[in-house]
Amino acid sequence: MANITKRNNSYLIRVSCGYDTTGKQITYSMTWKPEQAMTKKQIEKEVARQAALFEEQCHNGIIGRNRNMKLADFCPMYLEIKKDVLAPRIWHEYGRTIDKLIIPLLGHIKLTDLKPAHVQKFIQYLQGDVRQKKNGEIDENQPKLSPATVRRKLTVLQSILRQAVKLDIIPTNPANAEKLTLQKVVAPKIEIFSKQEAAQMLECLEQEDLQFQVIVQLAIMTGCRCGELVGLKFSDFDYNRNKVTIERSAYKLTGEPIKTKPPKDYEIRTITVNQHCIDLVLLLKAEKERQAEKLGTAWINGDWLFTQWNGEIMNPQTPTVQFRKFLAKNGMKHRKFHSLRHTSATLLLYGGVNIKQVQERLGHGDITTTNKYLHCLAEADEEAANVLQDMLIVHKGSNNDKEEQRSRQIV
């Protein structure tokens, strides 16, 4: 039972939690000060509530050695826990957000003292008219962060505090979304190539080098992410059954060599491709073998489909750069390399493929992610209706012209 003692304008709350190994009594205490506007009855009720809450926290181990832990002290522990859970690139970005924003703004606050009001102020700061440079300085001339970027930064803080709840350091997460006020995020429009644009792109693609042809063809045929394509090996293909297994993804962090990891959501999957893709892959394999023979010991044999000049795995950012230049050279509208993945999914749904099958091909852990492509079909259906309407209006107009000519002939 908590002991409550009134001291001037505040209350001292003590809780006994047994004895340590030396026989010394373990006692925790806190001070609570009522607001000036509170009545005597309100004070009695609230101090009893505070005492009960504090006692529960003491007996659950929340109050103790973690009572004085600041957010800045917990962040390294959080990153260590998440190191083998988050994707390397995401873990790296989380670390940057923690170092550049969370610790400078909230790191001095004790975890047990952190309230939704602190988190709301953090959000308001991010929504303000300041933005950090790459060196960490504040550039007041830069535009403010988008609502989507603010939410991404908040997600890091939410994840940290969620981990603190799991470890019984705090009872609840003060960064829960239902306790906060955020700007609405407008979902970005999914960019795809139309059937006509895709046909034009593939025609122009025939003039490019073989390696670039293969990566674009596979992007459209499989719907794989860029890192998954770069991480492909020739041994991943079943040339007799026209299948390819996606079991790794390439990534690169600043200042570090190119590495691979399991696909996103750990969705290792096998995808069927057409014979044309298989033929292109075999041609590329023969080309790599000729390059290896020519370079001799300078060639690094890693069995990679997409390589640098010496056989080393391609930088995962290279396809994006090459694709941008390819579109510009051929006078096509700029779209990201990732649009090929969106186009693959949309064309499959156009063709009547079951959405569950599309989910499995793309490696989506949740079908709700795949459902977003249904909006593309709805938009395309509206465009088709408008095209038909325009055609009918033109046709009707031409019929009216003919009727008018006949009338003139009769007169």
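Let me begin with strand 1 and strand 2 (residues 10–19), which pair in the antiparallel sense over 5 bridges; strands here are DSSP runs of E of at least two residues, helices are runs of H or I of at least four residues, both numbered from the N terminus, and two strands pair if DSSP finds at least two bridges between them. Within that pairing, Lys6 has Tyr11 of strand 2 as its bridge partner.

Before going on, I should say that this is a predicted model, in which local features need pLDDT of at least 70 and side-chain atom pairs count only at pLDDT 80 or more, while totals for chains, interfaces and linings use all residues. Residues are numbered from 1 along each chain as its sequence is written, and side-chain values use heavy atoms, with hydrogens and water left out.

The strands form an open sheet of 3 with the order 1-2-3 and antiparallel pairing. Its edge strands, each pairing on one side only, are strand 1 (3–7) and strand 3 (25–32), and the twist averages 25 degrees from one strand to the next. Across strand 1, strand 2 and strand 3 lies helix 1 (residues 40–59), which runs at about 25 degrees to strand 2; for such angles, axes are lines fitted to C-alpha atoms, for helices over the stretch in contact, and the angle between N-to-C directions runs from 0 to 180 degrees.

Now to helix 5 (residues 147–166), whose axis comes within 10 Å of that of helix 2 (residues 71–82) and crosses it at roughly 90 degrees. Helix 2 and helix 5 are therefore roughly perpendicular to each other, a term that covers angles of 65 to 115 degrees. Among the residues that meet, with contact meaning heavy atoms within 4.5 Å, are Phe74 and Tyr78 in helix 2 and Leu157 and Ile160 in helix 5. The residues of this contact of helix 2 with helix 5 divide into 9 nonpolar, 2 polar and 1 charged, where Ala, Val, Leu, Ile, Met, Phe, Trp, Tyr, Cys and Pro count as nonpolar, Asp, Glu, Lys and Arg as charged, and the others, Gly among them, as polar.

Helix 3 (residues 88–106) also packs with helix 5, at an angle of about 80 degrees and with the axes 10 Å apart, and helix 3 and helix 5 are therefore roughly perpendicular to each other. The contact includes Tyr94 and Leu101 of helix 3 and Val156 and Leu157 of helix 5. By class, this contact of helix 3 with helix 5 has 8 nonpolar, 3 polar and 1 charged residues.

Definitions and conventions
Parallel < 35°, antiparallel > 145°, perpendicular 65-115°, else oblique.
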